Amino acid sequence: MEQETVIPEDIDEKKLENLVQFLSFTLGDEEYGVDILSVQEIRSWEPVSRIPNVPSYEKGVVNLRGAIVPIIDLRERFNLGHSEYTSLTVVVVLQAILNGQSRTMGVVVDSVSDVIHVDKHTIQSAPDFGTKVSTEFINGLASVNQRMLMLLDVEKLLKLDGVDDIDTHDEEY
Amino acid sequence: MSIDMAQFHQVFFEESFEGLDIMESGLLNLDMGDVDSETINTIFRAAHSIKGGSGTFGFSSVANFTHVMETLLDEMRDGRRQVTQSAVDVLLGSVDCLREMMTAIQDESEVDEARVAEHKQALETELNGSETPVVKEDSTIAPEPSSSIPSNDEPTISGWKISFCPHTDLLKTGNDPVRMFRELAELGDLEVIVDFQGVPTLFELDPEECHLSWTLILKGDVARESIDDIFDWVEDECDLSVQSLSAAQSGIDEAATATTALETQAPIEAPKNSPSASTTEQSETPAPVKTPSKDKGASKAKPPAAKASGSIRVDTGKIDTLINMVGELVITQSMLSLVGEHFSLDKLDQLKNGLTQLERHTRELQESVMNIRMLPISFVFSRFPRLVHDLSNKLDKKIELKLVGEHTEVDKTVVELISDPLVHLVRNSLDHGIEMPADRLAAGKPETGTVTLEAYHRGGNIVIEVKDDGKGLNKDMLRQKAIEKGLIDEGTVLTDKQCYELIFMAGFSTAEAVTDVSGRGVGMDVVRRNIQSLGGNIEIISELGVGSTMAIHLPLTLAILDGQSIAVGDETYIVPLGSIIESINITDDMVNRVAGKGETFRLRDEYLPIVRMHDIFHVESAKAVNLIEGLIVVVEGQGVRCGLFVDDLLGQQQVVIKSLEANYRCVEGVSSATILGDGSVGLILDIPGLVRLSNQ
Amino acid sequence: MASILAVDDSASMRQMVSFTLKGAGYTVVEAVDGVDALTKAQSQKFDCVVTDVNMPNKDGITLIKDLRALPDYKFIPMLMLTTESGMDKKQQGKAAGATGWIVKPFNPDQLLKTIKKVLG
């Protein structure tokens, strides 16, 4: 896992305060970024306990120091196909506040690349890709060394279908 | 010396709230016709303690308020005042008011002064209604301490002549003249003249008695109160006269030898002054009042610690058990490390023994720790007498509340969370269940309705029942209502049970008008949802004209569970041990297959659905596909029975329940998760959910 | 240093008394009511007793009376913690053998001053 901090050279002191740090990782040949503040830790893949009758991208749950944490396959979530898990497969553990409660989740990615500094003002809003990548999770785009980085909205990512959008308690009799 | 009084505040609040609860339940238990003096005494004592503590810890508003309550209670206790319903009601209101005051003080929020004044006024009105002069005097003296001090600024006095003639019993109260003289000497220049005249001959002398008397000349600018202060404790045990030196100058010699008639007047004067002596202490009370206000600033830095720490009162016996167990654990641990230090194969047996012990101790320790979280359900029940008292007044109904099984213990979390749903159910029973007295009489029932709150253990569950002998649920009306509201179709066929369950549907309310008793908005659907979120369920039994029972079934503890591990393929699931009835092998010919309804098998007189775990959970690695290859585990949960078809039974163990929903989601057929011995996550099965899944 | 038996059914008051006295170097044993206090007083001799008056299971005045009947406690100082309105309590207490009283509400300084007074 290579990790280096890339600070754009043409930046002056004044702009430092506008910098936001993102952790970048790859899924296939695409590069994504998540706000570094929402990253709790980076782990290697380990077997999960499967959960029955849930979407296939919800791989299961693991014991993370006593807490039960779900593991989501981001490739599958974004319809980017499936890849085999190896001991090199990486799980990024993300944390965010949802509905006033802290929620933790692990996402499976191909590999983690860098911590990247992005000037807030250079982030472009996400266009309608019209591609297979679902834009609903994308907050914006940043360009780093001629590469395009898709910045993910961690809160949206942590919301699960059928959990946070509708009230599952409404049972019928 | 500066002591941070704020450190005692938390304890003071806790015991005061307890005291208020005691007062409340005591007041509710008072039977107007036959007042139990011990009950009154208990109520009085609680008020007295709150007053004493609040004064000491600087909550003067609480102290002043409680003082009035105490005075009223004191008169009741002494039989000087009749215990009337109106007085009890005023006192109950005051208990509420006091509770609010203390909560506000604790939270450092604003105290509702107007409300306090209103209640205080009500108390005083009650107090003065049948006023006895003695009391009146008592209560007016207290707030104006300085009025009884005649003149503080007497002309400067050069000194005092004190004639002190102790009674023979003085020493028997632990008072020592030497101590008093020492204190006097601190005030000024003291000259002590002893008079031996009263001392009997050695033959007659009782060494435990005091036969000496003294004349003391105290020179210096000393306030009379300081001297009274020193003799305050012994004023009834001596003849004492205190004269200013200028006045007494002429007659020193007489005074030293004999007590004249004139001077016997003096001791009577002394006690008159003594209340002022004690009030001088009182006039110093601004000091303690100020201390806490200073503390307030200091404690502001750390109020979250005080507030967030939900404390729990634990029986010392439970703690002792815990300490014993830890002791044993330590012994086992040291034994094991000894074995491990020079390990050889012949020590294998020792090692095994040690591990067995370790396992036992760990389990016991776990049980004891869990036990600490267990509280009697009376913590919840105790609020109901008041609720029923108030509500039945409001509704003009006559209702008796019976509490059964208050000592049933249940997890602290359950205690905290079950309270609101229970309140709702009891309110419902009072409002909709119990009929008006006239209606009851007309129906041939006793005028007074009965609501019973009962708690008991059954299996791994606690059952809490709210039972009333009211009019019962009317199935036809429920059904009609549901149709009107569009909740069910006209043609829907419902069993009795399903009919009753209609009241749990959102938007269903049988109250003809929304009353402020049963409330608006929050319905039975919310009650049921809350109970379900605790892993429980609620069940209704009702008979028209006879009454209804709402039974809440809850797991005893929300933290731990006796589990049976089962294997399905290479996956492990946990079934709550309490829900397992038996495990059997069945053959194909025992099975009925009904088209579209799945499989059932006959167990004695019953046909139970077969829930194939590998099927509904899509376990590809399952070994047993044919029924003969695996096991049927007969389980029951919340009234639902079925046979779970699994590969095999594994071990039994206690598991710590972990929420699956905290970070993830609610999964049908799974109630929660746990961490297995190998560190992986195991799912705990939810029987009714499995049956629902299997029916889909 | 002298040993003191502090008796009060109110935990906060008991803690306050005990904390104050311990802070001044006294050895303090706490008792929650008269019965508890009597048991403790019989198993160990104290140099001074400080007791609340209004308590369940044996009030302070009865406690003082019972203690005075024990040879060990014939002359030791015993103080009542009482409220200002309790004049009759003071009298009853004296009759039972109390040395004196400390009027509630009191602050730690007042308590210490009084204790020092009786213990010298």
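**Strands, cores and contacts in a predicted model**

In β2 of chain C, Ala31(C) is the bridge partner of Val7(C). That pair is my way in. One caution before we go on: this is a predicted model.

Stay with chain C. The strands behind that pair are β1(C) and β2(C), residues 27-31, and they run parallel, joined by 5 bridges. Add helix α1(C) and you have a β-α-β unit, and its hand is right-handed. β1(C) also pairs with β3(C), residues 48-52. Again the strands run parallel, this time with 4 bridges. Look for Leu5(C) there: its bridge partner in β3(C) is Val49(C). So much for partners. How many residues of β1(C), residues 3-7, are buried? The count is 4 of 5, so call this strand mostly covered.

Now the contact between chains C and B. Chain C puts in 37 residues, and chain B puts in 33. On the chain C side, four elements give two or more residues: α1 (11-23), β4 (78-83), β5 (100-104) and α5 (108-119). Which of them gives the largest share? That is α1(C), with 8 residues. We met α1(C) a moment ago, in the β-α-β unit. By class, this side of chain C has 16 nonpolar, 14 polar and 7 charged residues.

Over to chain B. There are two open sheets to show you. Take the one with 4 strands, in the order β2-β3-β1-β4, paired antiparallel. Its edge strands are β2(B), 189-195, and β4(B), 238-244, and each pairs on one side only. The twist averages 15 degrees from one strand to the next. Inside the sheet, β1(B), residues 159-166, pairs with β3(B), residues 213-219, over 6 bridges. Find Lys161(B): opposite, in β3(B), stands Ile217(B).

The other sheet has 6 strands, in the order β14-β18-β19-β17-β16-β15, and its pairing is mixed. Why do β14(B), 580-584, and β15(B), 591-594, each have one side without a neighbour in the sheet? Because they stand at the edges, each with a single partner strand. Ignoring direction, neighbouring strands here are turned by 35 degrees against each other on average.

Look at β17(B), residues 606-612, and β19(B), residues 640-646. They pair in the parallel sense over 3 bridges. Val611(B) has Leu644(B) as its bridge partner in β19(B). A helix lies across this region: α24(B), residues 687-695, covers β16, β17, β18 and β19 of chain B. Against β19(B), the helix runs at about 75 degrees.

Val611(B) and Leu644(B) come back in the core. The largest nonpolar core has 73 residues, and both are among the six that touch the most other members. The others are Val61(A), Val568(B), Met613(B) and Leu685(B). What does Val568(B) touch, leaving out residues up to four places away in sequence? Among them are Met613(B), Phe617(B), Val619(B) and Val646(B), and also His614(B) and Asp647(B). A second, separate core holds 72 residues, including Val62(B), Ala63(B), Leu91(B) and Val53(C).

Last stop: chain B against chain A. Here 24 residues come from chain B and 22 from chain A. On the chain B side, β21, 670-675, and β22, 681-685, each supply at least two residues. β22(B) gives the most, with 3 residues. The chain B side divides into 11 nonpolar, 7 polar and 6 charged residues.

That is the tour. Questions, please.

Note on methods:
Residues are numbered from 1 along each chain as its sequence is written. Chains are lettered from A and ligands numbered from 1 in the order in which they are written. This is a predicted model: local features need pLDDT of at least 70, side-chain atom pairs count only at pLDDT 80 or more; totals for chains, interfaces and linings use all residues. Two strands pair if DSSP finds at least two bridges between them. Axes are lines fitted to C-alpha atoms, for helices over the stretch in contact, and angles run from 0 to 180 degrees between N-to-C directions. Two residues are in contact if their C-beta atoms, placed from the backbone, lie within 7 Å. Ala, Val, Leu, Ile, Met, Phe, Trp, Tyr, Cys and Pro count as nonpolar, Asp, Glu, Lys and Arg as charged, and the others, Gly among them, as polar. A nonpolar core is a set of buried Ala, Val, Leu, Ile, Met, Phe, Trp, Tyr and Cys residues joined through C-beta atoms within 7 Å. A residue is buried if 20 or more other C-beta atoms lie within 10 Å of its own, exposed if 12 or fewer, and partly exposed in between; C-beta atoms are placed from the backbone. A crossover is right-handed if, with the strands pointing away from the viewer, the path from the first strand over the helix to the second runs clockwise.
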